[in-house]
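The following paragraphs guide a new reader through one protein model. Please keep the sequence and the three-dimensional view at hand while reading.

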Amino acid sequence: MSHETALFEFRFPDIGEGLTEGTIVELKASAGQELKAGQTLAVVETDKVVTEMPSPVAGVLVEMPLVKGQVVRVGEVVARIRTAAAPGPAVAAIQEPTHGEASTVVGRLEVGSGVLPASSEGVPAAARRAIADNGNGNGRAPADAPPVREKVRASPVARKLAADAGIDLSQVAGTGPAGRILKRDLATRTVPRAAPAIAEPAALGVTAHRLSTLRLAIASAMEKSQAIPAAAVHDYTLVDDLLQLRRDVNENSRDRVGLLAFFVRAAVKALLDFPLLSSTYDPEKKEYHAFPEPHIGVAVDTEDGLVVPVVKNAASLTVARIHQEIVRLTERARQRSLLLEEIRGGSFTISNFGSFSGVYGNPMILPPQVGILGIGRVHQEPVVKGGAVTPASVLPLSLVVDHRLIDGVYACKFLSRFMELVTRPLLLLTA
């Protein structure tokens, strides 16, 4: 018994983490190409990572309406693949994605896809009627249902030109495959050109630039962070002993351990004493989730913007091992090759802005976390010791907490414990 072919409509999935869109970096397949399940269709930049988008099924790529640099939103069709289909109902309604079904871009990308019968003219009328009738197969839509409007098929260039010119594509006859509207189909139409609303910036050579996917994600996170009722605590401590310990550790070591590794170790030990700061807060459900072991996010500056990879299970790591993990994650962050699991699951963040500049600041909490510790620039200051003024190495600290969950006294106790640990650094080398 022969199997019919069907057209598999693959949609850009919702993989969680607040993802709403991705940018096409590179196309890896073209129309007419034979595909294997898992074969890369395109390279996509999301707000977190740059990763490959694999085909969920084997078959022939009929259409991939994408161009390099195009922004694709969750739920939009990214490929149509002709694949073998076992005999069955003439129409399979498009499935809507449900929470919990999506995993990662590299994982179950079939979320939100549907199987449609093959047709050289796109979705046939029978399929449209069945979908409008919730797939009951009787070919009749409910009497009160709105008329089903077929989606206009057009190339991305044609859509852009039509949008700029105010042309209704539903009134344009396409000459491309399956009636697809191409750039040439708009050439004979009158294209009105509106005068620019403000001519001065253009006259000065000012141009508009769309934010990158990563920068859009950072902007969104900062807007959410700004809504948090935050409280800040600033203090400083002396770290001459810590600096000496670091010199001793690095004296005969090939890998020179950075100060950040000691700070992460101190934060982990302090969080074990004050675990409420190692939590996430859900403002919708009015509940928080406590982590049994701290996972420390480390802010990394890259050419594209700030990325926060996570040192997982940090309580079980030595200072040397923490340093190795920070180096590994930093390199991957700057290469934009971090995996999703390497940026998920943080319970507390450290921003070492002092390695660039700055003494005190108010770093912004990374939702849904409830705390972030800013490390200022280590510098020399005159201090009083034993009644005499002497130079000392000072470490400025800025702790910002979500006041909905963390009280000021609790934050101060955590910061005091952190300062005790970096002031008596041998405590950082013990279990």
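In this predicted model, four strands come together as an open sheet, and their order across the sheet is E5-E4-E2-E7. The pairing within this sheet is antiparallel. At its edges lie strand E5, covering residues 50-54, and strand E7, covering residues 71-73; each of these has a pairing partner on one side only. From one strand to the next, the twist averages 45 degrees.

The pairing can be followed strand by strand. Strand E2, which spans residues 21-27, runs antiparallel to strand E4, which spans residues 40-45, and four bridges join the two. Two positions show how these strands face one another. Thr23 stands opposite Glu45 of E4, and Glu26 stands opposite Val43 of E4.

Strand E4 also pairs with E5, again in the antiparallel sense, and here there are five bridges. Within this pairing, Thr40 has Pro54 of E5 as its bridge partner.

Is strand E4 enclosed or open to its surroundings? Of its six residues, six are buried, and E4 is therefore largely enclosed by the rest of the structure. A residue is counted as buried when its relative accessible area is under 20%.

Attention may now turn to a position outside the sheet. Ile343 belongs to the loop that connects helix H7 (319-334) with strand E17 (348-351). Is this loop residue, Ile343, buried or exposed? Its relative accessible area is 12%, and Ile343 is therefore buried. A further relation concerns Ile343 and Val298: 45 residues separate them in sequence, while their C-alpha atoms are 9.7 Å apart in space.

It remains to consider how confident the prediction is. Over the protein, the mean pLDDT is 80, and 78% of the residues reach 70 or more. Two stretches call for separate mention. Residues 86-141 have a pLDDT that stays under 50, and for this stretch the model has 95 contacts beyond four places in sequence. For residues 190-195 the pLDDT is likewise below 50, and the model gives this stretch four contacts beyond near neighbours in sequence.

Methods. Residues numbered from 1 in each chain as written. Predicted model: local features only at pLDDT ≥ 70, side-chain atom pairs only at ≥ 80, totals over all residues. Heavy atoms only, no water. Buried < 20%, exposed > 50% of the residue type's maximum accessible area, 1.4 Å probe, protein only. pLDDT = per-residue confidence, 0-100. Contact = heavy atoms within 4.5 Å. Pairing = 2+ DSSP bridges. Axes fitted to C-alpha atoms, helices over the stretch in contact; angles between N-to-C directions.
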